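Please open the model in a viewer and keep the selection panel at hand. The tour below proceeds stop by stop, stating what to select and what is found there.

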Amino acid sequence: MARLNLLEETRFEKLPVKVYQDEETASVKVAKRIAKIIKKKQEEGKKAVLGLATGATPVKVYEELIRLHKEDGLSFKNVITFNLDEYYPMQPDENQSYVKFMDENLFNHIDIPRENINIPDGTLDKEDIAAFCLQYEKKITEVGGLDLQILGIGRTGHIGFNEPGSAPNSGTRLVTLDDLTRRDASRDFGGKENVPTKAITMGIGTIFKAREIILMAWSKKKASIIKKAVEGEISGSVPATYLQLNDHVEFILDEDAASELTRFDTPWLVKDCSWDKDQIKKAVIWLSNAVNKPILKLTDEDYNSHGMAQLATEKGPAYNINIDVFNQLQHTITGWPGGKPNADDTQRPERAEPAKKRSIIFSPHPDDDVISMGGTFIRLVDQGHDVHVAYQTSGNTAVWDTDVLRYVEFAIDFNKSIGEDTSKLEEIYNNFNKFIAEKRPNDIDLREIMDVKGFIRKTEAIAGARYAGLKDEKIHFMALPFYETGKKVKSPVTEEDVQITMDLLQKVKPHQIFAAGDFADPHGTHVVCFNIIIEAMNRLRETEEWTKDCWLWMYRGAWQEFDMHDIEMAVPLSPQEVARKREAIFKHQSQKDTPVFPGDDEREFWVRAEERNSETALEYHNLGLANYEAIEAFVRWKF
């Protein structure tokens, strides 16, 4: 019976999928499977032949393999490796080279013979690539073929660098990279314009010859493409769907990457559910969107014909369910994000008392506050609350080098205008100019250049916060040390990061905290900053009485919005408030037009914010609620 139930749950899935709680657990499992293959081959006196991948996905697998080598004595002397791909052209000592990536993340830490390592050569002359690719395939065959190939997946659905349009029988070859793939890689290269347009990759046909294939994916960022790869029709537009044709493949996912699979996202379509309040709310919102009707117009027939007959039977009739969910949504909407004084707050998202609250808005980067919750920020100030804003990092990696030169030129001209000596400034300017002219993508800036970039973002943040109505003494710059590496890879969080945060919290003793809860942030800074706040609060809760009455509201960044069924506070904005929010965002001039790290969305930040907020308002309206100009959404974190 259990087997039948599992088959029913997974009937939308066209290949085997295992889901683990988190990336760490899943990575350890994959590493143990690799270690098992290596040990078995050692016992047989044979070579273990592994196909390896690069990127963020396999990093923790490699960390566990290194641990197994150093602590458990796992030897790699009998291992031969073939990497999937390499950018072209690419020198092996470049920061973005997969040769360097593999050395730093695995090979330099284990006992694998260097002659057993095979990675596509990004230094070849173009006319030599075809012969190299044939030799690469021949070498794999000569050593007995791949025992295991591990894969990640790109958001185009590529495996290796087999982009949409790749043939299922393709071999190792030179390919042209999809624009989305290049945008996703832009942070590694200091801008999309620096990302190579081509790569050498194993083909899908080459990958298929492996005796085992494991595709790994982590985070909600990969959820939509995983759904297409696992449940979608086989199509050249999503190359990973070809894996459905292979009998030796398995997808290993964390819960976030699996979250859009039918058995997790809409489980009522595949099995009987335990209908708690949250599940009912999610299902009714889904049904309303599926049939394109406001919630209060849904009928028993709608429920029955869309896999929700069990809900209508157990909790119905449908109209009673509709009323309950409609009321829940209505009660999330408030024009008083700090609570409405002298009002019944039993069905409001925030408390009425104290009428004047101390609030801290934590902003991971110097513009997240106004981009993500600028309207709510301004309203909190307008309604008389004691609002503080805390900029957690300097954001100094996200400023163009040309802006640095422009600001130093301004300083030189200003000093000249008041009769000051400018020789020192001119010397600094010349040093900056020389360094920038010779700078390679993602080289670490001079400390002085990093400082200037930080100053630029600091002055912009002050201008934005002042526009929102704050006095300077309520504006805090934390400059958390973990961020200050000058490169995309940040340092691990230390006690100093937590202590700085604790000190500020203890100073303000807030009733409300607003923090970025955008854990799919492509920069990764949001989740790190959020975890620092949680650690600081958890420690303070052990001794500080004020923490018991402190609520934490999460907002989302410029990249996405909370799902409708998760929203617990929705703050509507008038057209005038949308315009004020826009002006606050405009104060961040270095992030306007084309920011250094735009992610995969080429719209300006203010456009993204306005369109996202208007889309949230439209979603509420389509469900049958009032038609607002825009809505900013929040979810409460439960300590």
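A residue is called buried when its relative accessible area is under 20%, exposed when it is over 50%, and partly exposed in between, with a 1.4 Å probe and the protein chains only as cover. By this criterion Arg612, at 8% relative accessibility, counts as buried.

The model is predicted: local features need pLDDT of at least 70 and side-chain atom pairs count only at pLDDT 80 or more, whereas totals for chains, interfaces and linings use all residues. Residues are numbered from 1 along each chain as its sequence is written, and side-chain values use heavy atoms, with hydrogens and water left out.

**The whole chain**

Begin with the full protein in cartoon view, which shows 21 helices and 17 strands. Helices (H or I, at least four residues) and strands (E, at least two) are DSSP runs numbered from the N terminus. The radius of gyration is 27 Å, close to the 26 Å that the globule rule gives for 639 residues, so the protein is as compact as a globular protein of that length. This radius is taken over C-alpha atoms, and the globule rule is 2.2 Å times the number of residues to the power 0.38. Along the principal axes, the C-alpha trace spans about 85 × 80 × 45 Å.

Colouring by accessibility is a useful next step: 54% of the 639 residues count as buried. The protein exposes about 28100 Å², of which carbon and sulfur atoms supply 49%; these areas come from the Shrake-Rupley method with a 1.4 Å probe. Contact means heavy atoms within 4.5 Å. Among contacts between residues at least 6 apart in sequence, 76% join residues at least 24 apart.

**Arg612 and helix 21**

Select residues 605-622, which form helix 21, and locate Arg612 within this helix. Which residues are in contact with Arg612, leaving aside its neighbours within four places in sequence? They are Ile371, Ser372, Arg556, Gly557, Ala558, Trp559, Gln560 and Glu561. Then draw a distance from the C-alpha atom of Arg612 to that of Thr25: the two residues are 587 apart along the chain, and the atoms are separated by 34 Å.

**Arg457 and helix 17**

Move next to helix 17, residues 447-468, and select Arg457. Its relative accessible area is 2%, and Arg457 is therefore buried. Not counting residues up to four places away in sequence, Arg457 touches Pro366, Asp367, Ser394, Gly395, Ala398, Val399, Ser590 and Gln591.

**Strand 17 and its partners**

Select residues 630-637. Six of the eight residues of this strand 17 are buried, so the strand is largely enclosed by the rest of the structure. Two strands pair if DSSP finds at least two bridges between them. Strand 16 (residues 569-573) runs antiparallel to strand 17 and is joined to it by five bridges; here Val571 stands opposite Glu632. Strand 15 (residues 551-555) is also antiparallel to strand 17, with three bridges, and Leu552 faces Trp637 across that pairing.

**Strand 4 and the cis peptide bond after it**

In a regular strand the side chains alternate between the two faces of the sheet. Select residues 85-88 to inspect strand 4, where Asp85 and Tyr87 on one side and Glu86 and Tyr88 on the other are all buried, both faces being covered. Four bridges join strand 4 to the antiparallel strand 8 (residues 198-201), in which Ala199 is the bridge partner of Tyr87. Continue to Pro89, in the loop between strand 4 and helix 4 (98-105). The peptide bond from Tyr88 to Pro89 is cis, with omega near -5°.

**Helix 8**

Select residues 223-231: in helix 8, Ala223, Ile225, Ile226, Ala229, Val230 and Glu231 are buried. The buried residues of this helix pack against strand 1 (17-20), strand 9 (213-217), strand 10 (249-254) and helix 9 (262-265).

**Backbone exceptions in the loops**

Most residues other than glycine have a negative phi, and most peptide bonds are trans. Select Pro317, in the loop between helix 12 (309-315) and helix 13 (318-332); the bond from Gly316 to Pro317 is cis, with omega near 10°. Go on to Ala479, in the loop between strand 13 (475-477) and helix 18 (495-508). Ala479 has a positive phi of about 45° and is partly exposed at 42% relative accessible area. End at Lys509, in the loop between helix 18 and strand 14 (512-516), where phi is near 50° and the relative accessibility of 31% counts as partly exposed.
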